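Subject: Structure handover and what was found in it

Dear colleague,

Here is the structure that I am handing over to you. Please have it open while you read the notes that follow.

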Amino acid sequence: MDPGILQGEVTHVTWSGTSSGLPDDVDILQRVDAYLTSAGVDPAHPAPQDLYAVDQMHAFGYSATMAHLARLELTADMHVVDVGSGLGGAARVLAGEAGCRVTGVDVLAGLVEAASVLTHRVHLNDRVTFVTASALALPFPDAAVDHVWCHYVTMNIEDKKQFACEAARILKPGGHLSVVEVVAGPAAPPSYPLPWALVESESFLRGPRAVRDAVEAAGLVLVAAEENLPRPSWPPGPRVTQRLDVIISDWEARERNMITARREGRVTDQFVLARKGVGAS
Ligand SMILES: C[S@@+](CC[C@H](N)C(=O)[O-])C[C@H]1O[C@@H](n2cnc3c(N)ncnc32)[C@H](O)[C@@H]1O
């Protein structure tokens with residue numbers, strides 16, 4: 001276990017697990033391995049980029065991870081916590097690009113297990129580890145980490161203030177919380193299923209003020225907030241076609257509704273950056 005992690009119970013889990021179609025009860029690695037084999041890659045020895053089609057579990061895949069990273073100043077001496085780390089794709093990109101240490105946190109034990117295995121296979125396990133826990137009870141001591149990263153997860157978190165309070169608690173003074181999320185747009189509510197929820201009652205999609213208000217209520221200083229993020233351009237290197245259908249049931253229907261919802265202004269993407277004051281404990 002990562003020396004910076006506290007042991008503890010997972011409490012207040014708001015994610016509804018398999019009912020949202022995310023694979024906690026199936027062998028997700030089997031699906032990833034079948035995909036890699038069909039793509040002509042030895043599943044035991046993938047390169048990090050061989051995983052991008054399936055391990056970046058969010059809109060616009062690897063390009064969105066890189067766009068989020070480009071807005072930050074992460075350095076190799078930092079310890080970053082990735083809240084809602086999924087298959088660990090973003091955590092591995094952060095470690096690979098910035099050289100930092102990353103601990104991924106996710107409520108779904110099956111994803112945490114698979115993320116760990118994939119990280120060993122690409123030889124990043126010296127810098128990237130994972131733990132099963134909730135965003136609402138982060139298993140780290142106070143003032144322990146340099147950055148909290150949260151990428152397309154807050155739509156699954158009802159109590160956004162508790163999430164922000166936990167981020168504020170574990171950040172060192174001067175550390176940052178960065179969030180990229182889908183927020184409700186000005187038009188009528190979207191149709192479900194969506195990538196993060198099969199039905200509206202499982203979703204905690206809120207307007208753009210929700211996370212901003214939460215971080216300020218948690219005592220963090222809002223540094224930046226940008227709505228209507230542009231579609232990220234693909235970074236240098238080969239373009240990868242996302243294959244989230246490999247790991248998420250009903251992916252086509254979810255993606256179709258998401259494309260419509262974006263086009264009709266029912267949802268939009270937001271970036272939020274907040275800092276813990278240097279005088280804060
Ligand atoms: C859309 S996926 C994004 C995964 C990852 N951030 C990425 O960009 O590839 C959302 C993830 O958040 C996790 N999650 C949802 N609610 C959570 C909570 N309260 N605490 C921790 N993880 C949560 C889910 O299990 C899922 O893996």
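A crossover is called right-handed if, with the strands pointing away from the viewer, the path from the first strand over the helix to the second runs clockwise. Helices (H or I, at least four residues) and strands (E, at least two) are DSSP runs, numbered from the N terminus. In those terms, strand 4, helix 6 and strand 5 form a right-handed β-α-β unit.

Two remarks on reading the model come before the rest. Residues are numbered from 1 along each chain as its sequence is written. The model is predicted, and local features need pLDDT of at least 70, side-chain atom pairs count only at pLDDT 80 or more, and totals for chains, interfaces and linings use all residues.

The pLDDT, which is the predictor's confidence in each residue from 0 to 100, averages 91 over the protein, and 90% of the residues score at least 70. Over residues 7–19, however, pLDDT stays under 50. Where pLDDT is low, the predicted coordinates should not be read in detail.

Overall, the protein has eight helices and seven strands. Its radius of gyration (taken over C-alpha atoms; the globule rule is 2.2 Å times the number of residues to the power 0.38) is 17 Å, close to the 19 Å that the rule gives for 281 residues, so the protein is as compact as a globular protein of that length. Buried residues, meaning those with 20 or more other C-beta atoms within 10 Å of their own (exposed is 12 or fewer, partly exposed is in between, and C-beta atoms are placed from the backbone), make up 46% of the 281 residues.

Around the β-α-β unit, strand 4 (145–151) is mostly covered, with six of its seven residues buried. Strand 4 runs parallel to strand 1, to which four bridges join it, and valine 81 has valine 148 in strand 4 as its bridge partner. Strand 4 also pairs with strand 5 in the parallel sense over six bridges, where pairing requires that DSSP finds at least two bridges between the strands; here tryptophan 149 has serine 178 in strand 5 as its bridge partner. The buried residues of helix 6, among them Phe163 and Ala164, pack against strand 1, strand 4, strand 5 and helix 7.

The largest nonpolar core (a set of buried Ala, Val, Leu, Ile, Met, Phe, Trp, Tyr and Cys residues joined through C-beta atoms within 7 Å) has 79 residues, of which Val80, Val81, Leu94, Val148 and Val215 touch the most other members. Its largest share, seven residues, comes from strand 5.

Three places in the loops also deserve a look. A cis peptide bond, with omega about 10°, joins tyrosine 192 and proline 193, and proline 193 lies in the loop between strand 5 and helix 7. Phenylalanine 60, in the loop between helix 2 and helix 3, has a positive phi of about 65° although it is not a glycine, and this residue is partly exposed, with 18 other C-beta atoms within 10 Å. Asparagine 228, in the loop between strand 6 and helix 8, has a positive phi near 55° and counts as exposed because it has 12 C-beta neighbours inside 10 Å. Most residues other than glycine have a negative phi, and most peptide bonds are trans.

With best regards

Notes: Two residues are in contact if their C-beta atoms, placed from the backbone, lie within 7 Å.
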